[in-house]
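Here is a short tour of a chain, for reading alongside its sequence and coordinates. Keep the viewer open as you go.

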Amino acid sequence: MPDRRFTKQFMTAAACLLSSVLIPVSAWAQAQAPTPTQAQQAPPPIPPGPLTLDQVLSLAEPRSEAVSIAVAAVRRAEGDQVRAQSGLRPQLSAAASYDRALASEFEGVFDSTDTGPACPKFAPNPIAGIDARVAEIERAIDCGAVGGGGFLGSEDLSDLPFGRKNTWRASLSFSQNLWSGGRNGAQISLAAAGHETAQLGLTTTRAQLLF
């Protein structure tokens with residue numbers, strides 16, 4: 001019962017931790033992601049009858065593949081800027097795992113297989129001579145009377161980390177980049193230049209379309 005109660009408490013804590021980390025990230029990703037109306041907005045229908053030059057230009061831009069490609073390049077450059085600026089922000093990561101051991105190679109290693117007569121308990125005599133006390137120690141070691149009670153004082157390996165049937169692991173890491181030798185600044189400048197280039201490409205494509 002205590003193990004099951006501890007397992008439930010651990011699962012609840014892990015779920016709360018992952019939720020607190022994933023929910024803000026998911027909300028931020030949804031906020032940054034384009035809406036269906038922005039990404040797949042249908043072009044306006046072509047009105048019947050003769051068209052003016054302004055109407056032709058307003059109808060041509062939503063249907064131009066070159067303009068769509070240039071807009072996508074601008075959005076990609078904006079994403080590169082966000083990624084470059086992420087190096088200046090703290091990083092938080094969490095991980096959890098569970099292992100179930102069906103069998104252990106350490107099981108039964110330290111079990112006693114001696115079926116001979118029982119060994120008398122180690123009983124040192126402080127008033128005996130040095131030879132008698134040494135002989136008693138050697139006798140107790142030879143027959144196994146010293147170090148009883150199992151390996152490291154336990155009857156089995158259930159209390160040791162490598163002897164458990166159920167193993168839970170959880171880790172939480174936090175990092176903050178304090179100095180990068182100018183790498184982050186160079187990446188931000190490069191991303192800004194790429195965004196400016198994409199904006200110029202979009203302007204050029206629209207100008208060519210109007211021409």
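Which residue forms a salt bridge with E61? That partner is R206, and the closest N and O atoms of the two are 2.9 Å apart. Before looking at this pair in context, please note that the model is predicted.

## Overall layout

Let's start with the whole chain. The chain has six helices and two strands, and from start to end of the sequence their order is α-α-α-α-β-α-β-α.

Of the 211 residues in the chain, 10% are buried. The exposed area comes to about 16700 Å², with carbon and sulfur atoms supplying 60% of it. Among contacts with a separation of 6 or more, 71% are between residues 24 or more positions apart.

## The core between two helices

The largest nonpolar core holds six residues: V67, A70, V74, A77, A198 and L202. Helices α4 and α6 each supply at least two residues of this core, and the largest share, four residues, comes from α4.

A198 is a handy residue to centre your view on. Apart from its neighbours within four places in sequence, A198 is in contact with A73, V74 and A77. You can also measure across to R75, a residue of helix α4 (residues 65-85): R75 and A198 are 8.6 Å apart from C-alpha to C-alpha, while 123 residues separate them in sequence. R75 counts as partly exposed because its relative accessibility is 41%, whereas A198 is one of the residues of the nonpolar core.

## Salt bridges

Side chains of opposite charge can pair when their charged atoms come close. In this structure there are three salt bridges.

Back to the opening pair: E61 and R206 form one of them. This salt bridge links distant parts of the chain, with E61 in the loop between α3 and α4 and R206 in helix α6 (residues 183-210), 145 residues apart. Is E61 buried, exposed or partly exposed? E61 is partly exposed, because its relative accessible area is 28%. R206 counts as partly exposed too, at 34% relative accessibility.

The pair R169 and D99 has its closest N and O atoms 2.3 Å apart. It also links distant parts of the chain: R169 sits in strand β2 (residues 166-175) and D99 in strand β1 (residues 91-100), 70 residues apart. R169 has 43% relative accessibility and so counts as partly exposed; D99, at 36%, is partly exposed as well.

The pair R83 and D80 lies within a single element. Both residues are in helix α4, three residues apart, about one turn of the helix. Their closest N and O atoms are 3.1 Å apart. At 60% relative accessibility, R83 counts as exposed, while D80 is partly exposed at 30%.

## A nonpolar patch on the surface

Which residues form a nonpolar patch on the surface? They are I46, L51 and V56, and together they have about 240 Å² of accessible area.

V56 is the one to pick out if you want to place the patch on the fold: V56 belongs to helix α3 (residues 53-60). Why is V56 called partly exposed? The relative accessible area of V56 is 39%, and the partly exposed class runs between the cut-offs of under 20% for buried and over 50% for exposed.

Note on methods. Residues numbered from 1 in each chain as written. Predicted model: local features only at pLDDT ≥ 70, side-chain atom pairs only at ≥ 80, totals over all residues. Heavy atoms only, no water. Patch = residues over 30% accessible without salt bridge, like charges linked within 9 Å, V, L, I, M, F, W, Y side chains within 5 Å. Areas by Shrake-Rupley, 256 points an atom, 1.4 Å probe, with all protein chains shown as cover. Salt bridge = Lys/Arg side-chain N within 4 Å of Asp/Glu carboxyl O. Buried < 20%, exposed > 50% of the residue type's maximum accessible area, 1.4 Å probe, protein only. Core = buried A, V, L, I, M, F, W, Y, C linked by side-chain atoms within 4.5 Å. Contact = heavy atoms within 4.5 Å.
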